[in-house]
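Please look over the structure shown here before reading on. The text then goes through some of its helices, two single residues and two empty spaces.

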Amino acid sequence: MITFLISFLVLVVGYLLYGKLVERVFGADPSRQTPAVTMADGVDYVPLKPWRIFLIQFLNIAGVGPICGAIMGAQFGTASFLWIVFGSIFAGAVHDYLSGMISLRTKGCSLPEIHGKYLGNGMKQFMRFFTIILMILVGAVFVNTPAVLLNNNFTPDWNIFVWVGIIFAYYLIATLLPIDKLIGRIYPVFGFLLLGMAVAIVVAFFVYRPDIPELWSGLQNRHPNAAHNPIFPMMFISIACGAISGFHATQSPLMARCMTNERQGRPIFYGAMITEGIVALIWAAAATVFYHDPVLAQKTITPDGHPLGGNAMVGVIANEWFPTVIAVICILGVISAAVTSGDTALRSARLIAADFLHVDQRPVKKRLMVAVPIFIIAAALLVYSLLDAKGFDVIWRYFAWANQLLATVTLWAITVYLKREKGKGWFLMTLLPALFMTMVTGSFLFVAEKEGLGSLLSRPVGYGIGAVITLTVLVIFMVKTKRVKSIVDTEQ
């Protein structure tokens, strides 16, 4: 419990101190007019109150990553606490804030446009395609999760495709309607539900006083299949949203188009990520109790001895600790997190596609023209994830890796921005996280046995290839930014 409380406190202090430093480095200017004011269109560029924007951003980015991802990450032991805390403060929140504020300064442009501005046109074209695919994966995953939870916990006699149809219909409506008509009105309710779920678990910590493992008990890998799942890089991929997430940067432009003051950026972007880190910390702490307790550990495996997935563990934890009413609130909180990320993921896909296709999104017919193909692809993936026993696991693994790769590319784009615009070594603020995440995503492909080439290569070779990839990217960064500086100096 001491480690949990200290970790909680460090996250809060990180927001107050490091968040303020990041804001100062960027140079938030309350006197600058924002796109919500200068480009208001009544659909996507709509001024909203700051507290609403915060709750929408929090729900947009939360999803099931800081819940299911944190639970799966907790299998590795207390090392997950360190990554959630320091990853959130020094990587995830910085990534979210700077990508959101750069979008705010560039007319609320979508993430691939930011990649193109700082990493080149070739990267922009690739990331347009890559980001839309990731958004479709998110949409499929976040229909599957709430549909399964609703069906298993509330309507076991129903055909699961009934819930799939209901959720998918809601997603289409939310994707097409102006942001203030549906999302802006119901998200605050979902936000309070999600936060209430986290508070309920913290209360359970003090009521039941479970034996939450401490850092000084050891950082050894406690994964049930540790021999085939090393902490690095597997844990950093598993905790797909609880410390850093590329998906977040795809959501930030949605809120950048609704902000009326640049000073709102720190609580909305940096603060929402720290809040998500707190949610991830809470669920990781709860999960470690079950994984480390000999009796409770029996509830975390299937009858044939396989570890339960993150979705199933949510129900196990809620039903073990809470009366029925509180357990229902917890499960509904997880469902709301999934639903409110799935709809905005598909909305983001629509906006990204509309941006590079130059399709005016004010007429509803043109919104529908862009959205329908996206939903058809998402529906196909969703059917596969439900009909194939291993379909969801496959989609989740690819989503998690693609998500962290997107975060890595975004960190490099931000690093180029800081190098060009701020100087004075401030680019190190994101260069170090960018290098770390490059090593994580690069080595994963050659270390992971199921998802990559780990079954064919020895682990040292896999790490070696990851290191070569990281060093190569660093060299390219140094050469490219030096060349740009030389050109600028010559022109001056």
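The paragraphs below begin with helices, turn to single residues and end with a cavity and a pocket.

The model is a predicted one. A place to begin is helix α8, which covers residues 160-176. Its length can be checked by simple reasoning: at 1.5 Å a residue, 17 residues should span 24 Å, and the C-alpha atoms at the two ends are 25 Å apart, which agrees. At the start of α8, a side-chain oxygen of N159 comes to within 2.9 Å of the backbone nitrogen of F161. The buried residues of α8 include I160, W163 and V164, and also I167, F168, Y170 and Y171. Towards the end of the list stand A174, T175 and L176, which are buried too.

The same check can be made on α7, which runs over residues 121-153. With 33 residues at 1.5 Å each, α7 should span 48 Å, and its end C-alpha atoms are 48 Å apart, which agrees. Of these 33 residues, 24 are buried, so α7 is largely enclosed by the rest of the structure.

Helix α6 covers residues 111-119. Is α6 largely enclosed or not, judged by its buried residues? Seven of its nine residues are buried, so α6 is largely enclosed by the rest of the structure. The buried ones are L111, P112, E113, I114, H115, G116 and Y118. After α6 comes G120, which has a positive phi, near 105 degrees.

Next come two single residues. Q57 lies in helix α3, residues 50-62. Is Q57 buried or exposed? Buried means under 20% relative accessible area. Q57 has 0% relative accessibility and therefore counts as buried. Apart from its neighbours within four places in sequence, Q57 is in contact with H248, Q251, S252, M255, I268, F269 and A272.

G27 sits in the loop between α1 (2-26) and α2 (35-38). The relative accessibility of G27 is 33%, so G27 counts as partly exposed. Which residues does G27 contact, leaving aside its neighbours within four places in sequence? They are R105 and E262. Between G27 and V416 there are two distances to consider: the pair is 389 residues apart in sequence and 16 Å apart in space, C-alpha to C-alpha.

The last topic is empty space. How many cavities of 30 Å³ or more are there? The count comes to one. The volume of the largest cavity is about 50 Å³. Its lining is made by S110, L111, T250, P253, L254, R257, S348, L351 and I352. Two elements, α11 (246-256) and α14 (324-357), each give two or more residues to this lining. By class, the lining has five nonpolar, three polar and one charged residues.

A pocket, unlike a cavity, is open. The second largest pocket has a volume of about 590 Å³. It is lined by 24 residues, and L119, M123, W412, V473 and I476 are the closest to its centre. Helices α6 and α7, described above, are among the elements that give two or more residues to the lining. The others are α16 (391-421), α17 (428-447) and α18 (459-491). Sorted by class, the lining of this pocket has 17 nonpolar, five polar and two charged residues.

Methods: Residues are numbered from 1 along each chain as its sequence is written. This is a predicted model: local features need pLDDT of at least 70, side-chain atom pairs count only at pLDDT 80 or more; totals for chains, interfaces and linings use all residues. Side-chain values use heavy atoms; hydrogens and water are left out. On a 1 Å grid over the protein atoms alone, a cavity is a set of points where a 1.4 Å probe fits but cannot get out, and a pocket is an open set with protein on both sides within 12 Å along at least five of seven lines; lining residues have an atom within 4 Å of a point. Grid points are joined across faces, edges and corners, and a volume is the space filled by probe spheres set on the points. Helices (H or I, at least four residues) and strands (E, at least two) are DSSP runs, numbered from the N terminus. Ala, Val, Leu, Ile, Met, Phe, Trp, Tyr, Cys and Pro count as nonpolar, Asp, Glu, Lys and Arg as charged, and the others, Gly among them, as polar. The expected span of a helix is 1.5 Å times one less than its number of residues. Buried means under 20% relative accessible area, exposed over 50%, partly exposed in between (1.4 Å probe, protein chains only). A polar contact is a pair of N or O atoms within 3.5 Å; within protein, one must be able to donate a hydrogen and the other to accept it, and residues adjacent in sequence count only if both atoms are side-chain atoms. Contact means heavy atoms within 4.5 Å.
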